[in-house]
Amino acid sequence: QVQLVESGGGLVQAGGSLRLSCAASGRTFSMYATGWFRQATGNEREFVAAIDWSDGSTIYPDSMKGRVTISRANAKNTVYLQMNSLKPEDTAVYYCAGDRATAQTMSRSYWKNLDYWGKGTLVTVSS
């Protein structure tokens with residue numbers, strides 16, 4: 001099993017920045033990629049970014065490109081999500097996910113089919 005623990009969420013004003021962290025433990029070698037998803041109240045969970053542990057390949061949906069950056073620290077088994085120019089519509093619970101598939105495959109997968117999930121961290125962007 002793999003445990004994923006998110007941190008770094010909080011309240012930020014529009015235009016501000018936040019960096020989220022996802023610390024992985026357990027059988028981390030079973031994960032090929034780790035990514036971030038978010039879910040706003042009343043909305044479906046949506047893909048934000050993903051990264052391959054092996055070579056750092058990343059993928060973002062067009063809606064996130066230029067505003068978020070995903071990175072990893074292999075020695076710490078930690079993935080980060082840097083978010084800039086935040087908007088009120090970015091308010092959501094942000095979840096870390098891990099899977100045996102590549103980041104690219106994660107980006108196309110239905111979220112319920114992914115292997116591992118954290119409990120989420122709340123990001124609130126005020127206007």
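A strand here is a DSSP run of E, at least two residues long, numbered from the N terminus. With that in hand, I placed R38 in strand 4. I keep in mind that this is a predicted model.

**Entry: R38**

I asked whether R38 is buried or exposed. Buried means under 20% relative accessible area. R38 has 10%, so I wrote it down as buried. Next I listed what R38 touches, not counting residues up to four places away in sequence. E44, R45, E46, V48 and M64 are there. So are E89, D90, A92, V93 and Y94. I also checked R38 against S54. The two are 16 residues apart in sequence, and their C-alpha atoms are 24 Å apart in space.

**Entry: strand 4**

How many residues of strand 4 are buried? I found 6 of the 7 in residues 33–39, so strand 4 is largely enclosed by the rest of the structure. Then I looked up its partners. Strand 4 runs antiparallel to strand 5, joined by 6 bridges. With strand 9 it pairs over 7 bridges, again in the antiparallel sense. I followed A33 to both sides. In strand 5, A33 stands opposite D52. In strand 9, its bridge partner is D99. The hairpin of strand 4 and strand 5 has 6 residues between the strands. There I noted G42, which takes a positive phi near 85°.

**Entry: the cores**

I turned to the largest nonpolar core and noted 27 residues. L4, W36, V48, I70, L81, M83 and Y94 have the most contacts inside it. Which strands each supply at least two residues of this core? I listed strands 1, 3, 5, 7, 8, 9 and 11. Strand 3 gives the largest share, 4 residues. A second core, separate from this one, has 9 residues, including F37, F47, A50 and M106.

**Entry: Y94**

I picked Y94 and left aside its neighbours within four places in sequence. Its contacts include W36, F37 and R38. V48, L81 and M83 are also among them. I saw E6, L20, G120, T121 and V123 on the list too.

**Entry: the cavity**

I searched the whole structure for cavities of 30 Å³ or more and found 1. The largest cavity has a volume of about 40 Å³. What lines it? I read off R38, V48, M64, R67 and V68, then M83, N84, L86, D90 and Y94. By class, I noted 6 nonpolar, 1 polar and 3 charged residues in this lining. R38 and Y94, from my earlier entries, are both among the lining residues.

Notes: Residues are numbered from 1 along each chain as its sequence is written. This is a predicted model: local features need pLDDT of at least 70, side-chain atom pairs count only at pLDDT 80 or more; totals for chains, interfaces and linings use all residues. Side-chain values use heavy atoms; hydrogens and water are left out. A nonpolar core is a set of buried Ala, Val, Leu, Ile, Met, Phe, Trp, Tyr and Cys residues joined through side-chain atoms within 4.5 Å. Buried means under 20% relative accessible area, exposed over 50%, partly exposed in between (1.4 Å probe, protein chains only). Contact means heavy atoms within 4.5 Å. On a 1 Å grid over the protein atoms alone, a cavity is a set of points where a 1.4 Å probe fits but cannot get out, and a pocket is an open set with protein on both sides within 12 Å along at least five of seven lines; lining residues have an atom within 4 Å of a point. Grid points are joined across faces, edges and corners, and a volume is the space filled by probe spheres set on the points. Ala, Val, Leu, Ile, Met, Phe, Trp, Tyr, Cys and Pro count as nonpolar, Asp, Glu, Lys and Arg as charged, and the others, Gly among them, as polar. Two strands pair if DSSP finds at least two bridges between them.
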